[in-house]
Amino acid sequence: MELTLDSIVPQHAEFLSQIELDKTQQEYIGGLDNYCNVQSGELILMVKLDDTPIGAMKLDFEYSSTYCFATTNEIGLRGVMIDRKFQGRGYGLEAILQLRQFVSKYYKNYTAICLTVNHNNTQAYRCYLKAGFVDINKDYNGGALGPQRIMRLEI
Ligand SMILES: CC(C)(COP(=O)(O)OP(=O)(O)OC[C@H]1O[C@@H](n2cnc3c(N)ncnc32)[C@H](O)[C@@H]1OP(=O)(O)O)[C@@H](O)C(=O)NCCC(=O)NCCS
């Protein structure tokens with residue numbers, strides 16, 4: 001089984017309707033219904049296992065215009081998700097490791113990937129740590145579900 005990432009324009013993101021998450025997990029990514037409402041400067045990546053879409057994530061190239069802790073040469077990572085049937089098998093970790101290679105290959109002007117993760121979202125936090133993200137030990141308090149940790153992965 002091979003895991004790959006594919007860039008998808010929002011108009012071709014029908015695959016998202018196949019991705020299932022528990023209700024609480026949906027809240028962590030801001031709701032599945034809104035997932036395709038990407039802003040300019042955002043890119044959706046589909047996570048595929050062979051030919052089966054099993055997840056997605058979004059890159060935000062204008063992250064620093066929303067989050068003051070990020071600089072203009074840092075890409076934002078949002079909406080990381082793996083279908084609940086495929087979670088806990090190492091695919092989330094593998095997808096983020098591949099993302100790092102993807103960014104360093106195609107976006108050479110960027111020096112890091114930044115994200116925020118809710119304090120209660122242990123599964124995602126541990127996955128990010130394992131992928132090499134560093135917790136900068138400062139909180140972002142603008143999230144609807146309470147404080148979030150800020151994490152950064154140098155490329
Ligand atoms: C976060 C997410 C993408 C991780 O994907 P995943 O495929 O489940 O993660 P992996 O199997 O690659 O696990 C990587 C690490 O995460 C941690 N992890 C995985 N499942 C876990 C669980 N049920 N509880 C606690 N930690 C867990 C472990 O540290 C694991 O390392 P290990 O294999 O040595 O135990 C996935 O759980 C998900 O889609 N969550 C819902 C959406 C979400 O919250 N997104 C993040 C928004 S910031």
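Student: What percentage of the 155 residues in the protein chain is buried?

Tutor: Keep in mind that this is a predicted model. A residue counts as buried when 20 or more other C-beta atoms lie within 10 Å of its own. By that cut-off, the buried share of the 155 residues in the protein chain is 28%.

Student: What radius of gyration does the protein chain have, and how does it sit with a compact globule?

Tutor: The C-alpha trace spans about 35 × 35 × 30 Å along its principal axes. A compact globule with 155 residues would come out near 15 Å, so the chain agrees with that rule, at a radius of gyration of 14 Å.

Student: In what order do the helices and strands run from the N terminus?

Tutor: There are three helices and seven strands to place in the protein chain. Starting at the N terminus, their order is β-α-β-β-β-α-β-α-β-β.

Student: How far apart are the end C-alpha atoms of helix H2 (residues 91-106)?

Tutor: H2 has 16 residues, and at 1.5 Å a residue the expected span is 22 Å. The model agrees with that, because the distance between the end C-alpha atoms is 22 Å.

Student: Which residues of H2 are buried, and which are exposed on the other side?

Tutor: Gly92, Ala95, Ile96 and Leu99 are the buried ones. They cover an arc of only 95° around the axis, so they sit on the same side of H2. An α-helix has 3.6 residues a turn, so residues three or four places apart point the same way. Over on the other side of H2, the exposed residues are Gln101 and Lys105.

Student: What do the buried residues of H2 pack against?

Tutor: Four strands are involved, namely E1 (3-8), E2 (42-49), E3 (52-60) and E4 (74-82). The remaining partner is helix H3 (122-130).

Student: Which element supplies the largest share of the largest nonpolar core?

Tutor: That core has 32 residues, and Leu45, Val47, Leu77 and Leu115 are among those touching the most other members. E2, E3, E4, H2, E5 (112-118), H3 and E7 (148-154) each put in at least two residues. The largest share is five residues, and the element supplying it is E4.

Student: Which element gives the largest share of the shell around the ligand?

Tutor: The ligand is surrounded by 22 residues, with Gln87, Gly92, Leu93, Arg126 and Cys127 the closest. H1 (23-28), E4, H2 and H3 each supply at least two residues of the shell. With six residues, the largest share comes from H3.

Technical notes:
Residues are numbered from 1 along each chain as its sequence is written. This is a predicted model: local features need pLDDT of at least 70, side-chain atom pairs count only at pLDDT 80 or more; totals for chains, interfaces and linings use all residues. The expected span of a helix is 1.5 Å times one less than its number of residues. A residue is buried if 20 or more other C-beta atoms lie within 10 Å of its own, exposed if 12 or fewer, and partly exposed in between; C-beta atoms are placed from the backbone. The arc is that of the directions from the helix axis to the C-beta atoms. Two residues are in contact if their C-beta atoms, placed from the backbone, lie within 7 Å. A nonpolar core is a set of buried Ala, Val, Leu, Ile, Met, Phe, Trp, Tyr and Cys residues joined through C-beta atoms within 7 Å. The radius of gyration is taken over C-alpha atoms; the globule rule is 2.2 Å times the number of residues to the power 0.38. A residue is near a molecule or strand if its C-beta atom, placed from the backbone, lies within 6 Å of it.
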